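Student: Could we go through how some helices pack in this one? I'd like to work out the geometry step by step.

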Amino acid sequence: MQLIFKKGVKSRRGIKIPRSDVPAKEIPLKYKRTKRPSLPELSELDVVRHFTRLAQLNFSIDTNFYPLGSCTMKYNPKFTEQIERLNGFSNLHPLFTYISEGVVQGVLEVIYETERLLCEITGMDEFTTQPLAGAHGELTGLLLIAAFHKYKGNKKKYVIVPDSSHGTNPASVSTCGYETIVIPTDKDGYMNLKLYKEKLNQDVAAVILTCPNTLGIFNPHIKEVCDLAHSVDALMYYDGANLNAIMGRCRPGDIGFDIVHLNLHKTFSTPHGGGGPGAGPVGVKGEISKFLPIPRIIKRKDIFTLEYHRPNSIGHIAPFFGNFSVILKTYAYIMFLGKEGLISVSEHAVLNANYLRTRLRDYYDLPYDRTCMHECVFSASRQIKNGIHAIDIAKYLIDKGFHPPTIYFPIIVKEALMIEPTETESKETLDDFISAMIEIAKLAEENPKILKDAPVTTPVRRLDEVKAARELKLRWEG
Amino acid sequence: MSYVPHTKKEVEEMLRVIGVSSIEELFKDIGPALRPSSFNIPEGKSEFEVKEHLERLSLKNNTNLINFVGGGFYDHYIPAVVDALAGRSEFYTSYTPYQPECSQGTLQAMYEYQTAICILTEMDVANASLYDGGTALFEAVMMSLRITGKNKIIIDGGINPIYKNMLFTHTANLPVDLIKIPPHIGQTKREEIYRHLDEKTAAVILQNPNFFGTIDIHSDIVEKAHSLGALVIESVYPISLGLIKTPGSMGVDIVTGDGQSLGIPLSFGGPYFGFLACKRKFLRKVPGRIVGETIDKEGKRGFTLTLQTREQHIRRQKATSNICTNSALCALRAVIFLSILGENGFVEFSKLNYEKSEFTKNLLKNIPGVEVINSPTFNEFTILLKKNADEIVNNMIDKGIAAGLPLGRFYKGMKNYLLITVTEKRKKEEILRLAEGLNNAINL
Amino acid sequence: MNVPDGLLYTKEHEWIRIENNSGTIGVTDYAQDALGDVTFVELPKIGDTIKQFKAFASIESVKAVSDVYAPVSGKIIKINEGLLKSPELINQFPYENGWMVVIEIYDEKEKGNLMSASEYKKYLEGIQ
């Protein structure tokens with residue numbers, strides 16, 4: 001579709017700026033912008049048609065099934081979108097907090113109550129809503145870990161992660177000045193306990209795990225892993241990306257984790273927005289709360305007030321309280337679901353994943369052939385014999401109207417296909433997906449060329465990624 | 001009910017296929033010792049009850065105050081098309097465009113966004129957005145460390161104090177030397193910067209207009225920095241770029257800022273988005289996602305995420321940054337906003353902000369007990385009151401006016417200073433009420 | 001996998017052709033195949049010192065960015081500017097036009113730490 005910059009006509013107008021009721025004034029020439037910004041000149045209808053047509057080029061949860069492992073692409077409620085638009089929330093300036101706490105009591109209550117609910121769901125003592133994304137939450141967690149060790153006078157150098165970890169884990173470790181030690185996964189799908197014990201020593205600051213892990217497997221020895229870490233004064237960090245599997249059945253705070261981050265755009269169904277925004281609130285146990293970012297919200301009788309004076313705080317992770325309207329939607333979602341709803345989420349997420357696992361294991365290799373949690377990882381290794389890779393399977397699924405699963409992650413599984421259906425998908429949708437996957441397995445044997453040519457029904461066919469990376473055309477030049 | 005569609009019959013059928021007799025059996029790896037010691041979440045409510053509760057909470061916030069508060073986040077008009085178009089669920093319920101064939105909508109919109117940011121700032125390349133203006137500034141600092149191999153950063157006195165705090169927090173465990181120039185309201189004090197600027201400097205961070213509202217031209221500082229092998233990072237306010245000299249024209253190396261003013265509601269702090277743009281030669285050091293143009297196997301033009309090998313999901317420990325999400329939906333709002341305004345609309349919009357602010361300045365400077373401190377300014381300026389600014393502002397809240405941001409909160413010794421912001425939304429009678437209110441609060 | 005004789009090889013899949021006191025360095029056929037289509041090469045500057053087994057350059061493809069490690073220590077005396085315009089030379093001619101740098105070798109004895117063509121071939125069989 002044509003770029004918006006090539007549309008429009010000189011001096012076409014899109015908007016009516018209010019007539020000025022104050023005297024005209026020119027900025028001193030010295031400070032004036034010399035070249036006018038060459039933004040397109042379109043009518044409102046031009047703009048509407050352009051972006052509406054662009055929207056129609058997208059897959060989305062509202063139109064397609066997204067079995068993306070590690071992403072939890074569940075249905076996004078509509079009523080939370082309405083709540084976000086309430087005037088008392090959307091028009092509120094964050095700096096009003098500095099002018100008078102009395103004018104922002106409603107939002108302070110939302111944040112405070114959400115913190116309490118997240119504490120109860122995860123078994124932690126305190127939460128901060130400041131981190132602006134999951135990876136930002138990981139960075140915050142590591143900053144808290146570093147502050148904790150500095151306070152205790154512990155000299156630490158390393159952070160342990162399993163080789164199945166999400167890329168943000170070791171990247172966050174580097175951003176915080178630590179070095180990563182990677183522990184391989186054993187044949188049962190658990191972090192290798194023997195090698196873990198070997199590498200664990202007084203120089204280790206923390207261990208980052210997600211539970212269940214990225215293979216969709218819950219480690220029944222997780223408590224031992226936590227206890228071992230604590231024995232060398234290392235902190236246990238829970239990457240909450242997979243919380244959708246265990247709500248109501250297990251809380252990281254109870255089993256030995258000291259710090260957690262959550263991905264609100266995953267477990268708590270705030271919309272992904274085509275890549276963001278998200279939110280990554282961080283929860284802590286015990287003493288670690290003295291290092292939390294400021295300000296903290298305190299409740300005195302029925303009044304909410306802010307506490308800025310916390311001498312051990314790491315400072316500011318975000319300008320205010322994080323992505324407030326994402327927090328707000330999370331609060332609404334949790335209130336709506338309630339205790340029984342959250343438990344039902346995890347039960348049906350795990351049910352759906354195991355149903356897919358059972359129905360597909362005859363057609364695709366399952367490296368860890370056992371009960372999974374909310375996601376399972378297949379491998380296209382059986383299909384490779386005919387030259388079909390995970391990416392070819394993915395592209396054909398697009399033609400069948402399904403967004404592909406996550407491919408090539410976790411990196412420890414060759415030609416990985418990570419499937420997470422989520423609890424909001426019905427049995428019919430799963431059955432349709434299964435039929436498509438069975439068809440693909442057959443095509444891989446009988447007519448692989450069809451898979452190689454896919455997708456054919458989309459607005460563009462397979463794109464030349466090498467050309468994109470070599471030529472680097474990153475903007476319209478005019 | 002939790003948006004779970006399964007009937008009892010379907011659950012039984014699925015359990016039968018899996019080969020277990022209950023859902024509980026699927027959780028056998030979570031032994032009794034690992035079960036929760038408590039799970040006291042209140043019972044679920046209906047959609048109606050939740051909305052009612054939150055409507056009540058929303059009314060406990062006062063959004064009826066006439067808003068003269070800025071400080072980096074602005075009360076601007078958002079045209080109706082922005083909500084209408086960004087509110088389409090094909091945009092907001094879609095995923096990161098890792099599968100480009102089914103994400104051309106998002107990808108093209110991001111490519112157009114990248115172009116728009118370059119047009120506004122007069123820089124060569126921009127990425128597909130970051131979380132906010134503060135983290136964008138941190139990422140720019142990290143970029144400058146990678147590019148120069150040096151570790152000294154000079155932070156000018158006019159930088160947003162909250163962003164400054166964020167920089168210190170984010171770099172606490174990294175071998176970075178952050179030098180803070182003391183705050184000052186007027187244009188950048190060159191001699192303060194030059195006192196610290198040397199061959200060990202990776203970058204100088206400037207802001208235009210600065211936190212206090214002052215406009216400057218930084219080409220001289222850029223030249224001096226370059227002569228010593230240092231870069232210049234500038235944090236800017238997008239709406240001002242309709243009127244004032246761009247960082248690109250000054251030779252700035254990396255431009256950052258918050259895009260909230262481009263069609264994003266204030267929402268008590270977020271989500272917003274950060275933008276980052278730079279000279280072409282630094283392209284491979286840019287963090288986060290970038291969209292590039294290419295063709296498909298039939299020669300048709302398409303868009304795709306590129307330079308992903310820099311990102312966490314491939315490079316892991318050696319990634320340029322740990323960023324995963326961007327703020328795509330907010331960046332989309334911005335490109336829609338800029339499209340509906342267009343070249344003329346954007347310049348007029350910008351000019352209106354300036355004119356309203358200048359009118360306000362002229363009015364206020366005639367009030368006894370008020371001294372207007374800085375010029376030239378865009379739509380924010382600082383005044384010195386003969387009384388405590390917190391008290392004055394509190395007094396005026398009762399009269400329905402949020403008169404400005406008292407600076408004593410951020411700077412010791414500035415308890416009588418007030419930062420006033422006037423956007424295109426402030427009508428003349430509101431400005432007259434501000435002047436009258438200030439006069440009464442100070443002099444009666 | 002093409003493994004020409006007369007070159008010395010490293011475990012990280014670099015090769016070096018030694019002539020008198022200078023060495024031409026590149027990455028092997030195995031490396032270019034694993035990387036996929038090369039999109040960008042970052043080379044050191046002439047005059048830079050490189051140390052044996054330390055990273056001195058990087059190769060970027062759509063799949064990965066890989067560091068390139070020095071087979072022996074030395075000083076850069078020539079760089080292949082052609083790679084900046086045509087990075088695909090590494091894929092097409094890894095041992096000829098796809099060479100990356102030429103160095104002045106500091107210590108000939110360091111080549112004892114490298115593999116011959118036959119040793120490298122055996123090594124490849126082991127990892128595949």
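Tutor: Sure, and keep in mind that this is a predicted model. One definition before we start: angles run from 0 to 180 degrees between the N-to-C directions of the fitted axes.

Student: Are α11(A) and α2(B) parallel, antiparallel, perpendicular or oblique to each other?

Tutor: Take helix α11 (residues 324–360) of chain A and helix α2 (residues 47–58) of chain B: their axes come within 9 Å and cross at roughly 140 degrees. Roughly antiparallel would need an angle over 145, and roughly perpendicular covers 65 to 115. So the two helices, α11(A) and α2(B), are oblique.

Student: How many charged residues are in the contact of α11(A) with α2(B)?

Tutor: α11(A) brings Ala332(A), Met335(A) and Phe336(A), while α2(B) brings Glu47(B), Val50(B) and Leu54(B). Glu counts as charged. The split is 5 nonpolar, no polar and, for charged, 1.

Student: On to chain B: is α6(B) parallel or oblique to α7(B)?

Tutor: The axes of helix α6 (residues 133–148) of chain B and helix α7 (residues 161–170) of chain B cross at roughly 50 degrees, coming within 9 Å. Roughly parallel means under 35 degrees. That crossing angle therefore makes α6(B), relative to α7(B), oblique.

Student: And how many polar residues does the contact of α6(B) with α7(B) have?

Tutor: From α6(B) come Gly133(B), Gly134(B), Leu137(B), Phe138(B) and Val141(B), and from α7(B) come Ile162(B), Tyr163(B), Met166(B), Leu167(B) and His170(B). Gly counts as polar here. The tally is 7 nonpolar, no charged and, for polar, 3.

How values were computed:
Residues are numbered from 1 along each chain as its sequence is written. Chains are lettered from A and ligands numbered from 1 in the order in which they are written. This is a predicted model: local features need pLDDT of at least 70, side-chain atom pairs count only at pLDDT 80 or more; totals for chains, interfaces and linings use all residues. Helices (H or I, at least four residues) and strands (E, at least two) are DSSP runs, numbered from the N terminus. Two residues are in contact if their C-beta atoms, placed from the backbone, lie within 7 Å.
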